[in-house]
Amino acid sequence: MRDAVVGGKAAPRRVGVRRPKMPERTFLGLSTGRAVILGVVVCALALTLAVPLRTYFSQRSELESVLAERRALENDVEALRIQKSQLDEPSRIAADARERLRFVMPGETPYQVQLPGDYGKTPEELAADSAPTGPWYTDLWNTAVQPQGSDQPAEPTSAPMPVVQPEPVPAPPAPESEGGPVG
């Protein structure tokens, strides 16, 4: 090591005098550098494990919902099996034929009771309900806009376009035949 030169003379070196050591900074009993490295490693582990853990928990919840749906479908299948076995019985077949198809056994007299105020629409009313109310595109639009299951007719979206008859085109004038030069 070289001696320092001050004012043309060599400055004396201090021998045996040591500088007091600065106390080392610590964090949780570790030096600062080691604490930073430990923090980086912990963050890297957390980020590495975050995606697989999220996937694991989402798949677990999806599995639970699929299992619940499967149990519901199995219950539906069992109910349909019971209904199928009931439909094979001749008494059930006869009851359904009487109820839904209005069949009667030979020798029976069928009656149909009409309750007061329980009148269906006449064929004329049904035809009037299904009659077009405007141009085809307005009816098409109304069927697209009107909610299904709604018996109320949709409000017309626009007034029907007036029908305009085109004016006849006048015939072109006949050429004059005076005998002049043609050219």
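**Close-up views of a predicted model**

**View A. Glu108 counts as partly exposed, at a relative accessible area of 36%.** Here buried means under 20%, exposed over 50% and partly exposed in between, with a 1.4 Å probe and protein chains only. This is a predicted model, in which local features need pLDDT of at least 70 and side-chain atom pairs count only at pLDDT 80 or more, while totals for chains, interfaces and linings use all residues. Residues are numbered from 1 along each chain as its sequence is written, and side-chain values use heavy atoms, leaving out hydrogens and water. The partner to look for is Arg98, whose salt bridge with Glu108 brings the closest N and O atoms to 2.9 Å (a side-chain nitrogen of Lys or Arg within 4 Å of a carboxyl oxygen of Asp or Glu). Because Arg98 sits in helix α2 and Glu108 in the loop between α2 and α3 (123–130), the pair ties together parts that are 10 residues apart in sequence. Arg98 is partly exposed too, at 38% relative accessible area.

**View B. Helix α2 carries a salt bridge between Arg92 and Asp96.** Helices (H or I, at least four residues) and strands (E, at least two) are DSSP runs, numbered from the N terminus. The 12 residues of α2 (residues 90–101) should span 16 Å at 1.5 Å a residue, and the end C-alpha atoms agree, being 15 Å apart; the expected span is 1.5 Å times one less than the number of residues. Arg92 and Asp96 meet at 3.6 Å, N to O. They are four residues apart in α2, so about one helical turn separates them. Arg92 is partly exposed at 33%, whereas Asp96 counts as buried at 16%. Just after the helix comes Arg102, whose phi is positive, near 60°.

**View C. Arg70 and Glu74 form a salt bridge within helix α1.** Their closest N and O atoms are 3.2 Å apart. The two residues lie four apart in α1, which means about one helical turn between them. Glu74 is partly exposed, with a relative accessible area of 43%. Across the whole structure, a search finds four salt bridges.

**View D. A nonpolar surface patch brings together Leu49, Leu53, Tyr56 and Phe57.** Together these residues have about 430 Å² of accessible area (Shrake-Rupley method, 1.4 Å probe, with only the protein chains shown counting as cover for residues). Patches use residues with over 30% relative accessible area and no salt bridge, joining like charges within 9 Å and nonpolar side chains (Val, Leu, Ile, Met, Phe, Trp, Tyr) within 5 Å. Phe57 has its place in helix α1.

**View E. Aromatic rings meet at Tyr56 and Phe57, and again at Trp136 and Tyr137.** Rings of Phe, Tyr and Trp (its six-membered ring) pair if their centres lie within 6.5 Å; planes under 30 degrees apart are stacked, over 60 edge-to-face and the rest tilted. By this rule there are two aromatic pairs. Tyr56 and Phe57 are edge-to-face, 5.3 Å centre to centre with 70° between the planes. Tyr56 is partly exposed at 43%, while Phe57 is exposed at 55%. Trp136 and Tyr137 are edge-to-face as well, at 5.7 Å and 85°. Trp136 is exposed at 64%, and Tyr137 is partly exposed at 37%.

**View F. Confidence in the protein chain is highest in helix α1 and lowest in strand β1.** The mean pLDDT (the predictor's confidence in each residue, from 0 to 100) is 92 for α1 (residues 32–87) and 61 for β1 (residues 5–6). The chain as a whole has a mean of 78, with 70% of its residues at 70 or more.
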